[in-house]
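Student: Hey, have you got a minute to go through a structure with me? I'd like to ask things as they come up.

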Amino acid sequence: MDLSYSAEDDTLIGRLDAFARGKLLAGDIALEGRDEPPRDFCELIANAGWFRYLVPKAQGGVFDDVCCYPACLIRERFAMASSFASAVFGVQGLGSFPIVRAGSDALRRRYLPAMAAGERLGAFAVTEREAGSDVLGIQTEAKRRGDHYVLNGAKAFISNAGLADSYVVIARTGEGRSPRSLSAFVVDAETPGFRLGRAMEIIAFDVLGELVFEDCAVPEANRLGREGDGFALTMETLNLYRPTVGAHAVGLAEAAFEAARVWAVGREQFGRPIGKFQSIGFKLADMASEIAAARLMVYRAAKARDEEAPEAVLWASMAKLYATEAAQRVIDEAVQIHGGWGLSKELPLERYYREVRALRVYEGTSEIQKLIIANQLLGKGAD
């Protein structure tokens, strides 16, 4: 498997770097302290055409099918300038891929071209207050009534809550803890019986909130796939986007590393740059090595997924686990190298420190990734 950049990759990275420096960096700084949902910031990403990488060419996308590898390149470069941009891009993918994979032709025509153009933002609603890692513990119900399903329940910690125009909602249509007890539905934000709950201020770079369903009638035509396909569709979606979370972590770690490297060269103590002290030089050496290893794991996982390799699930979890944990270590050391300045809001280090922590939790905690890895190694499957 060739993990080197192709000429096409270099062109894409050049475009990404120009966009990140020219548009994202200043916009991201301005996000701090804003109260209203930053839809204008999302429009920057949409107008540049980046959401087109998240849907197939037939619905306005770039490639014939949704590919993990270019999504990883995009999230890595986005995260170097703006964690929010990377998060919005990733959530748009989570909200569109289930429609790509399991939507009817009518649903694909209705939603995907608008999502590719950024005219419609999506979200993925799985998590509940009592069902995070335990997807089979979901309590939100969808009961069939004629040609509709009526949803009742609530979701928590949902990214893009209030920003999204539509939500892919995983709800219970059967009894017990069987994977066949869950189904997936597309719920438009304006659907009667659906409302936003309270905003959840957890992390710096995302828009999180609760979703509430009270006798929310959703047409049967908005079901994705067959009744009972919800769990499998959730796992397929997460396995596609977990490597991109690792790519986000790599980009954030790169930004912190570069800040620490520049600081080590320019900051003088005891009559010389602090980078001349072996203790600081060794930190930088370890940081650079961890970033390089994490990047290779992410690219390996992405290509395994795109090539439909049998070990794709294993690599997706290993990449997500290693990259997010490594980014936490790298950013912690970057703060340490900066000393007291690393804790100051005058520099971005303290923001990186806040932002990286969430990556070890969402789309499967580090502990869940270890369970998946162990099960794959022992031949028990990812479920």
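Student: Okay, so how many bridges join strand S2 to strand S3, and which way do the two run?
Tutor: Quick heads-up before that: this is a predicted model. Strand S2 (residues 141–145) and strand S3 (residues 148–159) run antiparallel, joined by 5 bridges.

Student: Which residue in S3 is the bridge partner of arginine 144?
Tutor: That's tyrosine 149.

Student: And how many residues sit between the strands in that hairpin?
Tutor: There are 2 residues between the strands, and glycine 146 in this hairpin takes a positive phi near 65 degrees.

Student: Let's switch to strand S5. How many of its residues are buried?
Tutor: 7 of the 7, so S5 (residues 182–188) is largely enclosed by the rest of the structure.

Student: Which residues of S5 are on which side?
Tutor: On one side you have Leu182, Ala184, Val186 and Asp188, and on the other Ser183, Phe185 and Val187. Both faces are covered. As background, side chains in a regular strand alternate between the two faces of the sheet.

Student: What does S5 pair with?
Tutor: Strand S4 (residues 166–172) is one partner, antiparallel over 7 bridges. Within that pairing, valine 169 has phenylalanine 185 in S5 as its bridge partner. S5 also pairs with strand S8 (residues 223–224), again in the antiparallel sense, over 2 bridges. There, alanine 184 stands opposite leucine 224.

Student: Changing topic: how many helices and strands does the chain have?
Tutor: It has 10 helices and 10 strands.

Student: And what does the radius of gyration of the chain agree with?
Tutor: With the value for a compact globule. For 383 residues that would be near 21 Å, and the chain has 21 Å. Along the principal axes, the C-alpha atoms fill a box of roughly 80 × 45 × 40 Å.

Student: How much of the chain is buried?
Tutor: Buried residues make up 55% of the 383. The accessible surface comes to about 16,400 Å², and 53% of that belongs to carbon and sulfur atoms.

Student: What share of the contacts join residues at least 24 apart?
Tutor: If you take contacts between residues at least 6 apart in sequence, 73% of them join residues at least 24 apart.

Student: Got a single pair I could look at?
Tutor: Try glutamate 236 and arginine 101. They're 135 residues apart in sequence, yet their C-alpha atoms are 9.1 Å apart in space.

Student: Where is glutamate 236, and what does it touch?
Tutor: Glutamate 236 is in helix H6. Leaving out residues up to four places away in sequence, it touches Phe97 and Arg101. Its relative accessible area is 30%, so it counts as partly exposed.

Student: Now helix H10. How long is it?
Tutor: H10 (residues 366–377) has 12 residues and reaches 16 Å from first C-alpha to last, close to the 16 Å expected. Its buried residues are Ser366, Gln369, Ile372 and Ile373. They cover an arc of only 115 degrees around the axis, so they sit on the same side of H10.

Student: What covers them, and which exposed residues are on the face turned away?
Tutor: The cover includes helix H6 (230–266) and helix H8 (312–338). The face turned away from the buried side carries the exposed residues Glu367 and Leu371. Just after H10, glycine 379 takes a positive phi of about 80 degrees.

Student: Which residues have a positive phi although they aren't glycines?
Tutor: Two to look at are glutamate 308, at about 55 degrees, and glutamate 363, also at about 55 degrees. Glutamate 308 is in the loop between helix H7 (278–306) and H8, while glutamate 363 is in the loop between helix H9 (349–359) and H10.

Student: Buried or exposed, each of them?
Tutor: Glutamate 308 is exposed, with a relative accessible area of 71%. Glutamate 363 has 13% relative accessibility, so it counts as buried; the cut-off for buried is under 20%.

Student: Last one: how many residues of H9 are buried?
Tutor: 8 of its 11, so H9 is mostly covered. Among them are Leu349, Tyr352, Val356 and Leu359, along with the charged-sounding Glu350, Arg351 and Glu355.

Technical notes: Residues numbered from 1 in each chain as written. Predicted model: local features only at pLDDT ≥ 70, side-chain atom pairs only at ≥ 80, totals over all residues. Heavy atoms only, no water. Helix = DSSP H or I, 4+ residues; strand = E, 2+ residues; numbered from the N terminus. Expected span 1.5 Å × (residues − 1). Buried < 20%, exposed > 50% of the residue type's maximum accessible area, 1.4 Å probe, protein only. Arc of directions from axis to C-beta. Contact = heavy atoms within 4.5 Å. Rg over C-alpha atoms; globule rule 2.2 N^0.38 Å. Areas by Shrake-Rupley, 256 points an atom, 1.4 Å probe, with all protein chains shown as cover. Pairing = 2+ DSSP bridges.
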